[in-house]
Amino acid sequence: MTDIRIHVRASREYDVVIGKGLIAKVGQLVREAVPKATKILIVSETNVAPLYLDTVKGSLEGEGFEVEEVVFEAGEKSKNIDTIARMWGVMAKAGFTRTDAVVALGGGVTGDMAGFAAATFLRGIDVVQIPTSLLAQVDASVGGKTGIDLPEGKNQVGSFHQPSMVIEDTDCLKTLSPDKFTEGLGEVLKYAFIMDKELLKVLEIYEDKGNLQNDTQTLTDIVKACVADKVEVITEDEFDTGRRQILNFGHTIGHVIERDSNFTKDHGVCVAMGMGIIADACLAAGMTDKATHDRMISLIEAYGLPSGDGITPDEAVAGVMNDKKKRGNTISLIVVRNIGEAEICPMDPEGLRIFLSRR
Ligand SMILES: NC(=O)c1ccc[n+]([C@@H]2O[C@H](COP(=O)([O-])OP(=O)(O)OC[C@H]3O[C@@H](n4cnc5c(N)ncnc54)[C@H](O)[C@@H]3O)[C@@H](O)[C@H]2O)c1
Ligand SMILES: [Zn+2]
């Protein structure tokens with residue numbers, strides 16, 4: 001199978017390359033993406049590095065790059081300024097210049113941090129993203145959002161910094177834990193619901209739903225569809241002031257569930273719950289029909305995700321009011337009344353409480 005390329009026309013133009021076995025070709029691809037670089041910093045973490053770092057490093061060195069590495073402790077708790085400072089330190093010590101580059105090898109945590117280190121070092125150097133989790137392949141690695149968490153909240157500091165290339169090797173998804181794979185499916189379903197009826201059909205008719213993780217061919221098609229969807233949205237609204245908000249379907253309530261669980265529940269799982277709750281509320285409010293509602297709920301559940309949670313309308317409203325994405329007192333709730341079409345529905349807190357109370 002030949003590799004798929006999706007071209008992104010944002011403030012920087014780049015390709016998302018999707019295929020099987022790309023990890024072994026990283027050197028060549030990075031050379032194409034950052035032709036002037038001589039030094040590369042690979043950023044990875046303790047779960048992913050043992051699996052893929054040697055191959056990536058060998059491939060980069062084979063292309064003549066001088067390679068440095070920072071491997072941090074896997075997990076969201078590392079997504080802070082100390083880890084970024086380590087990356088800055090290694091690059092400064094090794095004499096990186098404006099034409100050198102960072103390569104992010106890992107899930108969304110790695111990509112967000114490597115992107116932020118690249119965005120800030122010498123006021124901005126290139127970054128190539130190599131996302132290895134399903135969530136990072138279909139969402140986090142594309143679109144240029146980078147950043148870190150603060151004790152006060154997730155993703156509170158960051159910047160937009162588009163990558164020079166995104167290299168998505170779908171073979172890497174085989175080593176993900178089944179839970180992390182399923183969580184990524186939450187975001188996959190989101191694209192199907194908000195904008196992609198074709199993808200929805202693929203997901204519906206796929207027979208062996210419990211075995212999708214081992215079907216790299218189908219997965220490659222699914223990842224490609226999701227990336228194409230995200231690229232379409234971000235090309236129209238790179239800086240998240242308008243249509244990009246539809247990507248938040250399920251997230252407004254999902255974030256509250258995630259935070260209330262002290263981040264013990266996975267993001268994609270919370271998004272699935274958030275989508276289910278909004279679907280229920282839309283049905284109760286007469287904003288959608290039963291067939292549409294049931295189609296969404298059954299697909300969420302068929303892929304092993306929960307379609308709801310015991311969050312009360314009051315808890316949801318209180319949580320939403322603490323969210324940084326809220327603009328003033330208005331909540332931009334994303335609703336799907338017809339599959340494949342998302343709408344931004346502005347609501348005030350009381351309106352949201354009433355909307356959620358009907359379910
Ligand atoms: N920038 C964006 O637009 C954007 C969008 C969505 C999410 N995010 C961010 O992404 C992060 C979540 O991403 P994530 O779920 O990928 O988290 P993650 O990076 O922590 O990866 C999830 C888990 O999977 C493991 N893993 C990753 N790839 C693997 C592989 N191939 N084999 C085995 N294990 C592997 C990791 O070690 C980790 O334990 C959050 O910090 C979130 O804020 C960013
Ligand atoms: Zn998400």
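Biologist: How far is the sulfur of C226 from the closest cysteine sulfur?

Modeller: This is a predicted model, where local features need pLDDT of at least 70, side-chain atom pairs count only at pLDDT 80 or more, and totals for chains, interfaces and linings use all residues. Residues are numbered from 1 along each chain as its sequence is written, chains are lettered from A and ligands numbered from 1 in the order in which they are written, and side-chain values use heavy atoms, without hydrogens and water. A disulfide is a pair of cysteine sulfur atoms within 2.5 Å. The closest sulfur to that of C226 sits in C172, too far for a bond, at 17 Å.

Biologist: Which cysteine has the sulfur closest to that of C345?

Modeller: C345 counts as buried (under 20% relative accessible area; exposed is over 50%, partly exposed in between, with a 1.4 Å probe and protein chains only), its own value being 18%. Its sulfur lies 7.5 Å from the closest cysteine sulfur, so no bond forms there, and that partner is C282.

Biologist: How many disulfides does the count come to?

Modeller: C226 and its closest partner C172 are too far apart for a bond. The sulfurs of C345 and C282 are too far apart as well. The count therefore comes to what the cut-off of 2.5 Å leaves us: disulfides number zero.

Biologist: On to the ligand! How much of the accessible area of ligand 1 does the protein cover?

Modeller: Let's start with polar contacts, pairs of N or O atoms within 3.5 Å. Polar side-chain atoms of D112 and T132 lie 2.9 Å and 2.7 Å from a nitrogen atom of ligand 1, while one of N47 lies 2.8 Å from an oxygen atom of the ligand. On its own, ligand 1 has 850 Å² of accessible area (Shrake-Rupley method, 1.4 Å probe), and the share covered by the protein is 87%.

Biologist: How many charged residues are in the shell around ligand 1?

Modeller: The shell holds 26 residues, E45 and E76 being among the closest; a residue belongs if one of its heavy atoms lies within 4 Å. Helices α2 and α4 are among the elements that each supply at least two of them. Nine are nonpolar and seven polar, and the charged ones (Asp, Glu, Lys and Arg) number 10.

Biologist: What is the radius of gyration of the protein?

Modeller: The protein has 13 helices and 11 strands (DSSP runs of at least four and at least two residues). For 359 residues the globule rule (2.2 Å times the number of residues to the power 0.38) gives 21 Å. The protein is as compact as a globular protein of that length, because its radius of gyration, taken over C-alpha atoms, is 20 Å.

Terms used
Polar contact = N/O pair within 3.5 Å; in protein donor to acceptor, adjacent residues only side chain to side chain.
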